[in-house]
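Student: Could you walk me through reading a structure like this one? I would like to begin with the ligand and then turn to the domains.

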Amino acid sequence: MQANLIWDTQHECMPREELEQLQLERLQATLNRAYKNVTCYRTKFNELGIVPEDVTSLADLAKLPFTTKEDLRLNYPYGMFAVPLREVVRIHSSSGTTGKPTVVGYTKNDLKIWSNLVARMMTAAGVTHDDVVQIAFGYGMFTGAFGLHYGSEVIGAAVIPMSGGNSDKQIMIMQDYRSSALVCTPSYAITLAERMEQQGVDPKSLALKVGLFGGEPWSEAMRREIESRLLISATDNYGLSEVIGPGVAGECRCKNGMHIAEDAFIAEIIDPETCQVLPPGSVGELVLTTVCKEAVPMIRYRTRDITSLDYTTCECGRTMARMKKTMGRSDDMLIIKGVNVFPSQIEEVLVAIEGCQPHYQLIVDRKGALDVLEVCIEVRENTFFDEMKKQRAFLDMVGKRIDSVLGVGVTVKLVEPNSIPRHEGKADRVIDRRQTR
Ligand code: DLL
């Protein structure tokens, strides 16, 4: 493996002063185009009495209105587009499972920029033109597969467009084609590791060296689990379709936060309740503004993802700010008996328990006036408790460990392997039945 390669040194290692100047110039151009061509933005700006020319510094960004998923839904399908459809060469949508999906488009230039941003984060994770990249995201409207596919091609790696599912075939291809990089959701990486164990496939016999995992939150404990079961270096990468797809941020091999491509996206952290911008280092909701995208510019898009930003220069030499692994989404944060609970906290506990899978789902309900939380865990195919007594003791132990971390009593239930629904390989983590009562 080559040491610490950087795809675009000019931008990734840009002194912050220069970077901020570039961001401002690109922001001003974006605002002008968005104001001129997108009714939703023009209306919002007019309501606040703002024109693009009022933004003369990056600090002025805070004056601008936010954009939410609801805006995209209200303008479904093409209302947020800033270019005529004849200039659009690709259309994707979010992996949303409820209501209308949000639609996003790309011009030729957007695709070029996107591929290069993905190439950056893949290079940072250790992928080179010598690699054979197996893409196990579903090819379709989801941005995951196409994003990583085009990024790999720009690097010059050999891409295997396997698509999602069919674990046995994934493993066969991995063995036969000597795949060296695996691309999928972290939960699917665990599924593959399990299947290999069942089949008696020794990870040492594979050529795999790196895994690029993203699309859903995952904990450090889950990283350790994947790395030790697949014998690879597992890196995290983050993105969302509304903003571009994967390629927004990715870890380098220091694995100490995901570098945000700040020359293409301006990141802010806000308090999700008051919507005020928080000082550097604070934990809050990530808000992103695109400054390069032509087809669908996003101004102050509320991602709902909870994280914090680190602006210190990384050991790898990149100056781009790093976002911490997300703690989950602000809309995934559960308040149970007054306690804030993030699914990631439960995941940390589960991964640390021998015989427990990080395939879980949280079901929140109300009994009378009381909130109740049930944690469903998929059992491994080979874990079966022949004695009820053993099973009860196991469930009891898991419940106690979760209680000791969260301070909230839970009921733990074992469910069949693969019974927790997944969309685009992403597991559905939370069902809150209190809202429908
Ligand atoms: O998941 C884009 C993507 C594909 C990113 C593949 C990385 C790899 P959406 O389907 O629009 O886009 O979902 C975006 O997924 O707001 C986060 O809540 C979550 N998410 C994505 N990556 C991560 C990650 C793609 N690395 C939503 N860690 C985002 C935590 C993530 N959450």
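Student: How many residues surround the ligand, and which are the closest?

Tutor: This is a predicted model, and in it 21 residues surround the ligand. The closest are Asp-236, Asn-237, Ser-241, Asp-305 and Lys-426.

Student: Which atoms of Asp-236 and Asn-237 lie 2.7 Å from a nitrogen atom of the ligand?

Tutor: For Asp-236 a polar side-chain atom lies 2.7 Å from a ligand nitrogen. For Asn-237 the 2.7 Å distance to a nitrogen atom of the ligand starts from a backbone N or O atom. Glu-216 also uses a backbone N or O atom, lying 3.3 Å from a nitrogen atom of the ligand.

Student: Thanks! Now the domains: where does each one run?

Tutor: The domain assignment gives domain 1 as 1–329 and domain 2 as 334–436. Their centres, taken over C-alpha atoms, are separated by 29 Å. Domain 1 puts 25 residues into the contact, and domain 2 puts in 17 residues.

Student: What area do domain 1 and domain 2 bury between them?

Tutor: Here is the general idea: the size of an interface is often given as the accessible area lost when the parts come together. In this case domain 1 and domain 2 bury about 1,800 Å² between them, with 51% of it on carbon and sulfur atoms.

Student: How many residue pairs are in polar contact between domain 1 and domain 2?

Tutor: Six residue pairs are in polar contact there, counting pairs with both residues at pLDDT 80 or more. On the domain 1 side, α8 (186–199) and α9 (220–230) each supply at least two of the residues that touch domain 2. The most come from α8, which gives six residues to that side. By type, the residues on this side of domain 1 divide into eight nonpolar, ten polar and seven charged.

Student: And how many salt bridges cross the interface of domain 1 and domain 2?

Tutor: Again, the general idea comes before the count. Side chains of opposite charge can pair when their charged atoms come close. Across the interface of domain 1 and domain 2, zero salt bridges are found. A search of the whole structure, though, finds 25 salt bridges.

Student: Could we look at one example? Where in the chain do Glu-262 and Arg-16 sit?

Tutor: Happily! The side chains of Glu-262 and Arg-16 form a salt bridge, at 2.9 Å from N to O. Glu-262 sits in the loop between β9 (258–260) and β10 (265–270), while Arg-16 belongs to helix α2 (residues 16–37). The pair links distant parts of the chain, 246 residues apart.

Definitions and conventions:
Residues numbered from 1 in each chain as written. Predicted model: local features only at pLDDT ≥ 70, side-chain atom pairs only at ≥ 80, totals over all residues. Heavy atoms only, no water. Domains from an automatic or database assignment. Contact = heavy atoms within 4.5 Å. Buried area = accessible area lost by both parts, 1.4 Å probe. Salt bridge = Lys/Arg side-chain N within 4 Å of Asp/Glu carboxyl O. Polar contact = N/O pair within 3.5 Å; in protein donor to acceptor, adjacent residues only side chain to side chain. Helix = DSSP H or I, 4+ residues; strand = E, 2+ residues; numbered from the N terminus. Nonpolar A, V, L, I, M, F, W, Y, C, P; charged D, E, K, R; others polar. Near = heavy atom within 4 Å.
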